[in-house]
Every structure is written in C-alpha cells, then in structure tokens.
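Q: Could you guide me through the reading of a structural model, feature by feature? I should like the general idea in each case, followed by what is found here.

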Amino acid sequence: MERTKKITLSVEETVVEQARAAASREGLSLSAWVTRTMKREALAAEAAAVVAAEPRMRQLLDQHRAASRAALARALEGAA
C-alpha cells in the first residue's frame with residue numbers, strides 16, 4: 001500500500017458537490033475518488049507528453065485511430 005500525504009486544495013463548491021456525488025455513486029470516499037481521478041489525469045498527461053516528444057509514436061497512434069475508425073465503419077455498414 002502506498003503512503004498517503006494530506007494536502008489542502010481550494011476547489012469550487014459545485015465541483016466538490018459533483019465529485020462527492022460521483023464518489024457516492026461508485027461507493028467510494030471522496031478522498032479515494034479524487035486520488036483515482038488524479039492518478040488517471042497524471043497518467044494521461046504523462047502519456048501525452050511522451051507522444052508529443054516522439055513524432056513516430058504520434059504517427060503510429062494516428063494510423064491506429066484511422067484503422068479503428070475504418071473497421072468500425074465497415075462493421076456498421078455490414079450491420080445495416
């Protein structure tokens with residue numbers, strides 16, 4: 001289990017209430033929900049930085065997205 005660190009944040013009241021409601025729906029404490037959300041955002045930002053730093057990675061991801069869209073379009077056409 002990772003160590004925790006207590007921090008103080010200033011957050012808009014409406015955002016806090018939205019986060020509490022989301023945490024409650026998922027059966028999590030607000031702290032657990034915020035921690036999970038912060039981890040996701042930090043990983044996404046790190047991944048975006050890697051992609052931005054590696055032009056070949058960007059090209060591969062673009063090709064993958066295009067192939068996925070084309071496959072989905074073909075599947076949808078076949079289902080119609």
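Q: How far apart are the mean positions of the positive and negative charges of the protein chain?
A: The idea is to compare where the two kinds of charge lie on average. In this predicted model, the protein chain carries 13 positive and 10 negative charges, and their mean positions are 4 Å apart.

Q: Which elements does the protein chain have, and in what order do they run?
A: One reads the elements from the N terminus on. Here the order is α-α-α: the protein chain has three helices and zero strands. The radius of gyration is 19 Å, well over the 12 Å that the globule rule gives for 80 residues, so the protein chain is more spread out than a compact globule. Along the principal axes, its C-alpha atoms fill a box of roughly 50 × 40 × 30 Å.

Q: What share of the residues is buried?
A: A residue counts as buried when its relative accessible area is under 20%. Of the 80 residues in the protein chain, 6% are buried. The accessible surface comes to about 7200 Å², and carbon and sulfur atoms account for 58% of that area.

Q: What is the volume of the largest pocket, and which residues are the closest to its centre?
A: Rolling a probe the size of a water molecule over the atoms shows where empty space is left. The largest pocket has a volume of about 850 Å³. It is lined by 19 residues, of which Ile7, Ser31, Val34, Thr35 and Met38 are the closest to its centre.

Q: Which helix supplies the largest share of that lining?
A: Helix 2 does, with seven residues. Helix 1 (13-25) and helix 2 (30-53) each supply at least two residues of the lining.

Methods. Residues numbered from 1 in each chain as written. Predicted model: local features only at pLDDT ≥ 70, side-chain atom pairs only at ≥ 80, totals over all residues. Heavy atoms only, no water. Helix = DSSP H or I, 4+ residues; strand = E, 2+ residues; numbered from the N terminus. Rg over C-alpha atoms; globule rule 2.2 N^0.38 Å. Buried < 20%, exposed > 50% of the residue type's maximum accessible area, 1.4 Å probe, protein only. Areas by Shrake-Rupley, 256 points an atom, 1.4 Å probe, with all protein chains shown as cover. Lys, Arg positive; Asp, Glu negative; His and termini not counted. Charge placed at Lys NZ, Arg CZ, Asp CG, Glu CD. 1 Å grid on protein atoms, 1.4 Å probe; cavity = no way out; pocket = protein on both sides within 12 Å on 5 of 7 lines; lining within 4 Å. Points joined across faces, edges and corners; volume = space filled by probe spheres on them.
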